[in-house]
Amino acid sequence: LVWQDEFDGESLNPDNWIMETGAGGWGNHEWQYYTDRPENVRLEDGLLIIEARKEDYRGSDYTSARINTQYLQTWKYGRFEARMKLPTGQGIWAAFWMLGEDLWTAVWPNNGEIDILENIGNPFTIYGSLHGPGYSGGNNVGGAAVSDSALNENFRTYAVEWAPGEIRWFLDDRNYNTITENQVPGRWVFDHPFFLILNVAVGGDWPGSPDETTVFPQRLLVDYVRVYRDPTLSVSDLQGQMLHVSDITMDLQAAGEKWEGTAYVTVVDQDGNPVEGVTVTAGWLGVVTGATKNSVSSEDGIAGPFVGTKTSFSDEISFCISTLDKSPYSYEKSANAQTCAFASP
């Protein structure tokens, strides 16, 4: 156990949760206005309550709440579970889910989404799914579980176990779905930190709108949220791999009346293994053409050739690495002993 919130206090712990607010459909044509009012989100008797209400509020016909741990608590791999009693009814959409922390640098779904639990009002059926590039929205990869008892009547445990290359879904102790890296039709984007979200939406493209059968208010009751770490994973597994420049080779050759510089870059991980598919951005100084170039590393970790042309050998020319980019790896230029190569006549 590495993190938990038992909701035993008088209000949400601000070290754990951010309350999101606003309307606008939230990308799914939803009807609710999310607020931070106690009417919609509060703690009572050791429970987190997220309450969807039918009321006029700032131009919306419904209110509810959505909370997340972004910028506060993030994790890479683990078991993520919550003990909850679900709301029910046509148009009610309860969710316990995760988004990739690099939300603002990798546009959804490239940052990845793990839906631990979604329920769209049917008190017996839940869904768990993954969203990534090429398999998002209605084309997600996932599965469903059917309960033998109504999920709005009793507390049940909903969880995923997320490991390198594999994610498993659980209803109580039953593993009802498993998805591996080779089962998704696009790039696997689940090897970097994610944050947690809890919310209850009203309406939307998937559940449809509330109707005359829908009773308000509806409440999602959360007893606890807990995160566990797999002790067999190494520190590098949990913290993410670093990219490094292990070598820059540079050669100058006469090209008629001009000279050409040709450079190659070798990219490795923090253990010294070559990394394929890294976009290397580099630049030449002192050249006429080829000032900025991009190249993607091959299976042996080598990117290039980077070619820059200059008119003469009167001055030194240099070749320098700007960035290395491949999710989920990170690159810190200051941690690399070699980021430039130089040559002169």
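**Two open sheets and a pocket**

Let me begin with the sheet that four strands form, which is open, runs in the order 22-19-18-24 and has mixed pairing. Its edge strands are strand 22, residues 302-310, and strand 24, residues 330-331, each of which pairs on one side only. Please keep in mind throughout that what we are looking at is a predicted model.

Within this sheet, strand 18, covering residues 242-255, pairs with strand 19, covering residues 258-269, in the antiparallel sense over 12 bridges, and along that pairing H244 stands opposite V268 of strand 19.

Turning now to another sheet, we find 7 strands in an open arrangement with the order 2-7-16-9-10-11-12, and here the pairing is antiparallel. Strand 2 (18-20) and strand 12 (141-146) each have a single partner strand, and so, standing at the edges, each is left with one side that has no neighbour in the sheet. From one strand to the next, the twist averages 15 degrees. Strands 9 and 10, which run antiparallel, are joined by 6 bridges, and M98 has I114, in strand 10, as its bridge partner.

That brings me to the largest pocket, whose volume is about 630 Å³. There are 28 residues lining this pocket, and those closest to its centre are N28, W93, W108, E113 and H131. Which strands each supply at least two residues of the lining? They are strand 9 (92-100), strand 10 (113-119), strand 11 (125-131) and strand 16 (194-202), and the numbers of these four strands also appear in the order of the sheet of 7 strands. As for the character of the lining, its residues divide into 12 nonpolar, 10 polar and 6 charged.

Conventions. Residues are numbered from 1 along each chain as its sequence is written. This is a predicted model: local features need pLDDT of at least 70, side-chain atom pairs count only at pLDDT 80 or more; totals for chains, interfaces and linings use all residues. Side-chain values use heavy atoms; hydrogens and water are left out. On a 1 Å grid over the protein atoms alone, a cavity is a set of points where a 1.4 Å probe fits but cannot get out, and a pocket is an open set with protein on both sides within 12 Å along at least five of seven lines; lining residues have an atom within 4 Å of a point. Grid points are joined across faces, edges and corners, and a volume is the space filled by probe spheres set on the points. Ala, Val, Leu, Ile, Met, Phe, Trp, Tyr, Cys and Pro count as nonpolar, Asp, Glu, Lys and Arg as charged, and the others, Gly among them, as polar. Two strands pair if DSSP finds at least two bridges between them. Axes are lines fitted to C-alpha atoms, for helices over the stretch in contact, and angles run from 0 to 180 degrees between N-to-C directions.
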